[in-house]
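The following exercises are intended for a reader who is new to this structure. Each task is followed by a worked solution.

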Amino acid sequence: MKTIAVLGAGYAGLRTVKRLAHSNVNTRIVLVNKNPYHYESTQLHQVAAGTKEPADVSFDIKKSLPAGVEFILDEVVSIDEAKRVVTFKKHESLVYDYLVNALGFESETFGIKGAEENGWPLIDIDTALAAREHLEHTLASYRHSHDENDLHIAVCGAGFTSIEYLGELVYRMPELVKRYGLPADKIKIYCIEAAPKVLPMFDDKMVAWAVDYLKKRGVEFHTSTPITEVKAGSVVSNGLEFKANTIIWTTGVRGSHVIADSGYDQKRNRVVVKDDLSVEGHPEEFLIGDVSAVPDPSTGRFYPTTAQISIAQADTAAANLAALLEGRKTSKFDFKSVGTVCSLGPQAGIADIHMMGHWKLKGAIVGVVKKIVNDRSVLELAKVSNMLESN
Ligand SMILES: Cc1cc2nc3c(=O)[nH]c(=O)nc-3n(C[C@H](O)[C@H](O)[C@H](O)COP(=O)(O)OP(=O)(O)OC[C@H]3O[C@@H](n4cnc5c(N)ncnc54)[C@H](O)[C@@H]3O)c2cc1C
């Protein structure tokens, strides 16, 4: 029997396994993940701000797997494409016939001095929780230290993750002020961004609404401000220095380091895939999710890496694997975005949706839309019984 190895149980990997199992292919399916749980990366900013608990955004992988799928709990170290072998930290190597590489994203520092050592990234449950513990510990310290920098928070970057984190943070701040007896007028929240515009994927009017919403709740925006160094306790941009004892690093992501370590032809740990999502020269291998770079035929640029496209890629990869096993031709990946939703805490946000028309939404309705999107994603990836258990 042929072996299909699926690496990573994020949106892309888990969805692939579910689709493969439902297509009744007569193969051995092996899923590999370094944690026993799947987490919703799209909700990490909420864990980091303390508006959600890790248990709210994660579920047990084994309990959600279709019957017959094997699970290896281990970290992938490298992939030998020529020999078709995956090596792990602890387990024996795995020889595969087909591979789906869905190892996901890591934090990108762009080589900025001190970013890795002094910034708190939001890339998985552990880092989101660590950022939250640091924030709360630092705010609580003010009562003894009287160091105003303990009340200063710098959020680096003004893309999706940064803005969604800021939305949750300003929502939670009144509770933190009360809990730790803080002087509200001394709290400073900086958002520091190299580009002239925040949230480049939205139109100017919607961005202005989101910026105004956050400014009214205490966020100071500094755009066209490229970060040159991150120190312990400050963010430096050429001549400027923003003092803050909590520095959140959300300037962007790159693919898993396993990509570069395995010798792929890559840029920022992403590999440009063919139109059926396979790797050049390796029809038995598919790269999907945040480790892949997929050209958008309508613009010639790469699609942004999102959970939405990861799930769509998984459907195509699973269908193409079934085709290969049955001796049929593979199909091209065809993607139409249903739009973008950016929450600003649980009760506000902006959204640009292409479904049953074109909808530009802002305000409280977006909080409701985002909840529906998140619940649907969990429902599609986990078994219903698993969802009920965690409620
Ligand atoms: C805060 C935040 C908010 C976001 N909001 C949205 C949104 O609203 N909408 C949207 O579409 N996208 C959003 N995104 C982007 C989206 O989360 C990613 O594009 C998506 O998670 C990519 O899915 P993936 O399956 O490729 O990778 P991941 O979700 O990163 O999953 C990779 C999996 O592989 C595992 N893994 C990694 N390395 C190894 C290894 N060496 N060995 C074994 N296992 C390994 C990880 O533990 C993980 O389970 C957001 C991202 C962030 C950070």
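**Exercise 1.** Determine which residue of strand 17 stands opposite V236, and describe the sheet to which these strands belong.

*Solution.* Step 1. V236 stands opposite E241 in strand 17; strands are DSSP runs (E, at least two residues), helices likewise (H or I, at least four), and both are numbered from the N terminus. The model is a predicted one, in which local features need pLDDT of at least 70 and side-chain atom pairs pLDDT 80 or more, while totals for chains, interfaces and linings use all residues. Residues are numbered from 1 along each chain as its sequence is written, and side-chain values use heavy atoms, without hydrogens and water.

Step 2. Strand 16 and strand 17 pair in the antiparallel sense over four bridges; pairing requires that DSSP finds at least two bridges between two strands. On strand 15, V236 has E229 as its bridge partner, and three bridges join strand 15 to strand 16 (residues 234-237).

Step 3. The result is an open antiparallel sheet of three strands in the order 15-16-17. Its edge strands, strand 15 (229-231) and strand 17 (240-243), each pair on one side only.

**Exercise 2.** Identify the residue with a positive phi in each hairpin of this sheet, and state whether the residues of strand 16 are buried or exposed.

*Solution.* Step 1. Two residues lie between strand 15 and strand 16, and G233 in this hairpin takes a positive phi near 95 degrees.

Step 2. The hairpin of strand 16 and strand 17 also has two residues between its strands; here N238 in the turn has a positive phi of about 45 degrees.

Step 3. S234 and V236 on one side of strand 16, and V235 and S237 on the other, are all buried (under 20% relative accessible area, with exposed over 50% and partly exposed in between; 1.4 Å probe, protein chains only).

**Exercise 3.** Explain why the pair of Y303 and F335 is classed as it is.

*Solution.* Step 1. Aromatic rings of Phe, Tyr and Trp (its six-membered ring) pair if their centres lie within 6.5 Å; planes under 30 degrees apart count as stacked, over 60 as edge-to-face and the rest as tilted.

Step 2. The ring centres of Y303 and F335 are 5.3 Å apart and their planes stand at 85 degrees, so the pair is edge-to-face.

Step 3. Y303 and F335 are 32 residues apart in the chain, and both are buried. Together with F333 they form one aromatic cluster.
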